[in-house]
Amino acid sequence: MEVMYMVYSGRYTRPNLHLLLLIILQFDLRTVEAVWPLPQTFTSSTERYSLYSQAFYFGYGRQSAAQHGCSVLDDAFKRYFPLIFPDYTHAYDFQRFVSGRPFTVEVSVDHDDCESYPKEDSSERYNLTVSAGHASLNAETVWGAIRGLETFSQLVYQDDFGSYFVNKTEIEDFPRFQFRGILLDTSRHFLPVQAILKTLDAMAYSKFNVFHWHIVDDPSFPYQSSTFPDLSSKGAFRPMTHIYTQSDVRRVISHARLRGIRVLPEFDSPSHTQSWGKGQSDLLTPCYKGGAPSGTFGPVNPALSSTYQFMARLFKEVSSVFPDSYIHLGGDEVDFSCWKSNPDVRAFMQKMGFGTDFTKLEAFYIESIVNITSALNRTSIVWQDVFDNHERVDHSMFSCRTLTVKLLGSNENKFCK
């Protein structure tokens with residue numbers, strides 16, 4: 001810390017009397033290290049530069065593959081301007097009256113993927129250099145550029161007088177983990193679309209890149225299917241208010257895309273499907289007690305061909321609505337008691353040569369659903385139960401990378417060694 005003493009001489013008011021004004025200004029010369037997550041390499045200097053909202057610009061490098069009109073970056077420029085200058089009341093304008101020393105953030109990317117969606121292997125690497133009047137942000141893709149813009153916004157700070165500054169900085173960064181996700185369960189606890197959008201904003205601030213949307217489960221089926229509208233009209237908590245329309249889903253996906261976030265939908269079965277049965281007859285297994293139907297229902301009925309016909313149509317729709325190449329199929333916490341009580345299920349098992357091993361029946365069901373999604377050019381994700389409980393699962397149906405993603409909570413990939 002340096003202390004500067006400034007002495008101002010006043011006009012004489014009487015002989016041999018000086019009016020002295022002593023002002024002590026303290027300048028906090030510091031480096032800025034509050035970037036989250038911490039970049040791979042980060043060098044910050046105490047040299048700092050003033051920023052003025054009326055003279056601050058985002059721009060594209062001359063050699064950048066993306067230029068003005070790039071939906072992802074143009075939107076990011078408008079979004080980050082008020083984040084950098086929170087007390088600026090006007091929307092970001094590419095053409096503004098210059099007041100103060102200009103500062104430009106110049107963005108260059110190697111690939112024009114402005115209209116695409118982030119993928120599992122999308123590069124998020126970027127380099128950021130901040131110097132006097134200029135910041136240079138270089139990335140392989142627009143997704144890396146978005147991460148760099150988030151970093152730059154975190155470098156800007158205000159002093160006690162409200163002035164904005166950014167320090168001289170050199171950063172090279174890339175994610176340590178390719179899959180950085182947050183799961184929201186909107187079946188047990190319905191969340192308004194606006195709450196989901198705010199969650200996506202918060203994810204972008206911390207550079208998360210996967211929104212795992214556990215959209216349906218036992219308690220409710222809020223996804224409004226165009227193919228099977230009864231699923232939500234009969235399975236949602238409130239079919240007029242507690243649903244996600246096709247327009248709502250598109251809005252969430254679009255909001256996520258502009259922040260470099262994939263939307264991974266989960267439609268969990270054969271268990272966790274009680275709400276499904278309200279809108280789709282003969283889907284769930286009737287449970288028996290004392291040789292007669294008890295009036296209750298268990299997991300999806302794996303013995304009926306109509307089950308797989310329904311699933312094929314549902315996942316065809318899901319794959320057309322959600323652009324990500326991955327679909328989460330669940331597969332966890334299957335209670336066999338209802339299957340064991342049902343005479344038709346037991347007869348099907350004998351026909352298939354499963355004997356009394358219900359793990360083989362579950363494996364048969366999972367394999368059938370995986371085959372359906374594979375035919376739709378989608379890679380399936382399942383919970384670890386599928387691998388822990390079943391020796392018969394054909395692990396070749398899953399890529400090693402997919403399996404690693406699947407074992408949420410373990411870095412070990414026991415099936416790819």
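The following questions and answers walk through disulfides, nonpolar cores and one helix in a predicted model.

Student: Let's start with the disulfides. How many does the structure hold?

Tutor: One disulfide joins Cys-70 to Cys-114, with an S to S distance of 2.1 Å. Cys-287 and Cys-338 form a disulfide too, their sulfur atoms 2.1 Å apart. The number of disulfides in the structure is two.

Student: How many residues apart are Cys-70 and Cys-114, and which parts of the chain do they link?

Tutor: Happy to trace that one. Cys-70 sits in the loop between β4 (56-60) and α1 (71-84). Cys-114 is in the loop between β5 (103-109) and β6 (126-131). The pair links distant parts of the chain, and the separation is 44 residues.

Student: What is the handedness of the link between Cys-287 and Cys-338?

Tutor: Look at the torsion about the S-S bond, which is about -115 degrees. Because of that torsion, the disulfide of Cys-287 and Cys-338 is left-handed.

Student: And is Cys-287 buried or exposed?

Tutor: Cys-287 lies in strand β13 (residues 284-289). Its relative accessibility is 11%, and the cut-off for burial is under 20%. Cys-287 therefore counts as buried.

Student: Now the nonpolar cores. Which helix gives the most to the largest one?

Tutor: Good place to look next! The largest nonpolar core has 55 residues, and those with the most contacts inside it are Phe-211, Trp-213, Phe-267, Met-311 and Phe-322. Eight residues of this core come from the helix that gives the most, α10 (residues 358-375).

Student: How many residues are in the other core, the one with Tyr-60 and Val-166?

Tutor: This core lies apart from the largest one. Ala-66 and Tyr-126 are also among its members. Its residue count is 43.

Student: Could we turn to α3? What span does it reach from its first C-alpha to its last?

Tutor: Helix α3 (residues 193-205) has 13 residues. At 1.5 Å a residue, the expected span is 18 Å. The span in the model is close to that, at 19 Å.

Student: Within what arc do the buried residues of α3 fall?

Tutor: The buried residues of α3 are Val-193, Ile-196, Leu-197, Leu-200, Asp-201, Met-203 and Ala-204. They line one face of the helix, because seen down the axis they fall within an arc of 160 degrees.

Student: Which elements do those buried residues of α3 pack against?

Tutor: Two of the partners are strands, β10 (181-185) and β11 (210-214). The others are helices: α2 (142-155) and α5 (246-257).

Terms used: Residues are numbered from 1 along each chain as its sequence is written. This is a predicted model: local features need pLDDT of at least 70, side-chain atom pairs count only at pLDDT 80 or more; totals for chains, interfaces and linings use all residues. Side-chain values use heavy atoms; hydrogens and water are left out. A disulfide is a pair of cysteine sulfur atoms within 2.5 Å. Helices (H or I, at least four residues) and strands (E, at least two) are DSSP runs, numbered from the N terminus. Buried means under 20% relative accessible area, exposed over 50%, partly exposed in between (1.4 Å probe, protein chains only). A nonpolar core is a set of buried Ala, Val, Leu, Ile, Met, Phe, Trp, Tyr and Cys residues joined through side-chain atoms within 4.5 Å. The expected span of a helix is 1.5 Å times one less than its number of residues. The arc is that of the directions from the helix axis to the C-beta atoms. Contact means heavy atoms within 4.5 Å.
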